[in-house]
Amino acid sequence: MSAPEKFTVLIVDDHPIMRLGIAAIIDAQPDMRICAQAASGEDAVRMFRKHHPDVTLMDLRLPGMSGLAALKAIRQEDGTARCVVLTTYEGDEDIHQALAAGAAGYIIKAMSHETLVEALRRVYAGSRFLPSPVARSLASRTPNSDLSPREREVLSLMVQGRSNKEIGTLLGITEATVKSHVSVILERLGVADRTQAVVAALQRGLEHL
C-alpha cells in the first residue's frame with residue numbers, strides 16, 4: 001500500500017532557529033512536508049511562485065517587505081492561496097488586518113506545537129483556524145475603528161513622540177488639520193488623550209516599535 005500524499009508547507013520566518021524548529025515539527029507529521037523556506041517577505045513571494053505550496057506559514061515581523069504585505073501579494077497572485085499567520089503579534093488590529101488580507105489561520109508563537117499542526121491541517125482542509133485567545137482578541141476590537149491612511153500617518157508620528165507642529169511640517173498640512181486628525185484618532189480608539197492613544201496603538205498592533 002503506497003504512502004498517502006503529503007501536503008506541502010512554505011515556512012516564512014526571519015529567524016533560522018525558529019525555521020529549524022518549525023521544520024522539525026512539520027517533518028515529524030505523516031501528512032505534511034516542507035517544500036521551501038523564506039527569510040523575508042520578498043523571498044516568500046518568490047518561493048510561493050516557484051513552489052506553489054498547499055499552505056504558507058507566515059510571520060508578520062520580517063525585514064524589508066512585511067509579512068502582511070507578502071500575504072497580500074501572494075493572495076493577489078493566487079486568490080486560492082491558503083495562509084496561516086504564526087507571529088508574536090497578539091493585537092486585535094494585527095489579527096483583523098491579517099484576516100482581511102486573506103489569512104485563514106492565526107496563531108501565536110507562544111502556543112503549543114499541537115496548535116500549529118492543527119492550524120495547518122484545518123487550513124489545508126479549507127477551514128479557518130482561530131484559537132480561543134485569538135478569537136477573543138478579535139471580538140474585543142471596537143467596531144468602526146478603522147483609521148484612514150492619513151490618520152494612520154498621524155498616529156505613526158504620534159507614536160514617535162512628534163508634536164502637532166512637527167507632524168504638520170512632516171506631512172505638509174496645517175497644525176489645525178493635525179489637531180482635527182488627532183481628535184478623530186482619539187475618538188476611533190476610544191481614548192482620552194495622546195498618551196492613551198499611543199499605548200492603545202501599540203497594544204492593538206496599529207503601530208509597532
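Q: How many bridges join β1 to β3, and which way do the two strands run?
A: In this predicted model, β1 and β3 form a pair in which Val-9 stands opposite Val-55 of β3. The two strands run parallel, and the number of bridges that join them is four.

Q: What is the bridge partner of Ile-11 in β2?
A: β1 is also joined to β2, by six bridges, and these strands run parallel. Within this pairing, Val-12 has Ala-38 as its bridge partner. For Ile-11, the partner in β2 is Gln-37.

Q: What is the handedness of the β-α-β crossover from β1 to β2?
A: β1 and β2 are parallel strands joined by six bridges. Between them the chain passes through α1, and the β-α-β crossover is right-handed.

Q: Which residues of β1 are buried on the two sides of the strand?
A: In a regular strand the side chains alternate between the two faces of the sheet. β1 has six of its six residues buried, so cover is found on both of its faces. One side holds Phe-7, Val-9 and Ile-11, and the other holds Thr-8, Leu-10 and Val-12.

Q: How many of the residues of β2 are buried?
A: β2 pairs with β1 through six bridges. Like β1, where six of six residues are buried, β2 is mostly covered. The count for β2 is five of its seven residues.

Q: Which elements are included in what covers the buried residues of α5?
A: Helix α5 covers residues 113-124, and its buried residues are Thr-115, Leu-116, Val-117, Ala-119, Leu-120 and Val-123. The cover over them includes one helix, α1 (16-27), together with strands. Those strands are β1 (7-12), β2 (32-38), β3 (55-58), β4 (83-87) and β5 (105-108).

Q: How far apart are the end C-alpha atoms of α5?
A: α5 has twelve residues, and at 1.5 Å a residue these should span 16 Å. Just after the helix, Gly-126 takes a positive phi of about 100°. The end C-alpha atoms agree with the expected span, at a separation of 17 Å.

Q: Within what arc do the buried residues of α9 fall?
A: An α-helix has 3.6 residues a turn, so residues three or four places apart point the same way. In α9 the buried residues are Val-178, His-181, Val-182, Ile-185, Leu-186 and Leu-189. They line one face of the helix, because seen down its axis they fall within an arc of 140°.

Q: Which exposed residues does α9 carry on the face turned away from its buried side?
A: The buried side of α9 is covered by elements that include α7 (149-159), α8 (164-171) and α10 (194-204). The face turned away from this buried side carries the exposed residues Ala-176 and Glu-187.

Q: What does α9 reach from its first C-alpha to its last?
A: α9 runs over residues 175-189, which makes 15 residues. The helix is followed by Gly-190, with a positive phi near 70°. At 1.5 Å a residue the expected span is 21 Å, and the reach of α9 is close to it, at 21 Å.

Q: Which element gives the most to the largest nonpolar core?
A: The largest nonpolar core has 28 residues, and those with the most contacts inside it are Val-12, Met-58, Ile-74, Val-85 and Tyr-106. Two or more residues come from each of β1, β2, α2 (41-51), α3, β4, α4 (92-100) and β5. The element that gives the most, with five residues, is α3.

Q: Which residues does Val-85 touch, not counting residues up to four places away in sequence?
A: Val-85 is among the residues with the most contacts inside the largest nonpolar core. Two others of that group, Met-58 and Tyr-106, are touched by Val-85. The full list is Met-58, Leu-60, Leu-71, Ala-98, Ala-103, Gly-105, Tyr-106 and Ile-107.

Q: Is Glu-77 buried, partly exposed or exposed?
A: Glu-77 lies in helix α3 (residues 67-77). Its C-alpha atom is separated by 17 Å from that of Leu-57, 20 residues apart along the chain. Because its relative accessibility is 41%, Glu-77 counts as partly exposed.

Technical notes
Residues numbered from 1 in each chain as written. Predicted model: local features only at pLDDT ≥ 70, side-chain atom pairs only at ≥ 80, totals over all residues. Heavy atoms only, no water. Expected span 1.5 Å × (residues − 1). Buried < 20%, exposed > 50% of the residue type's maximum accessible area, 1.4 Å probe, protein only. Arc of directions from axis to C-beta. Contact = heavy atoms within 4.5 Å. Pairing = 2+ DSSP bridges. Right-handed = clockwise from strand over helix to strand, strands pointing away. Core = buried A, V, L, I, M, F, W, Y, C linked by side-chain atoms within 4.5 Å.
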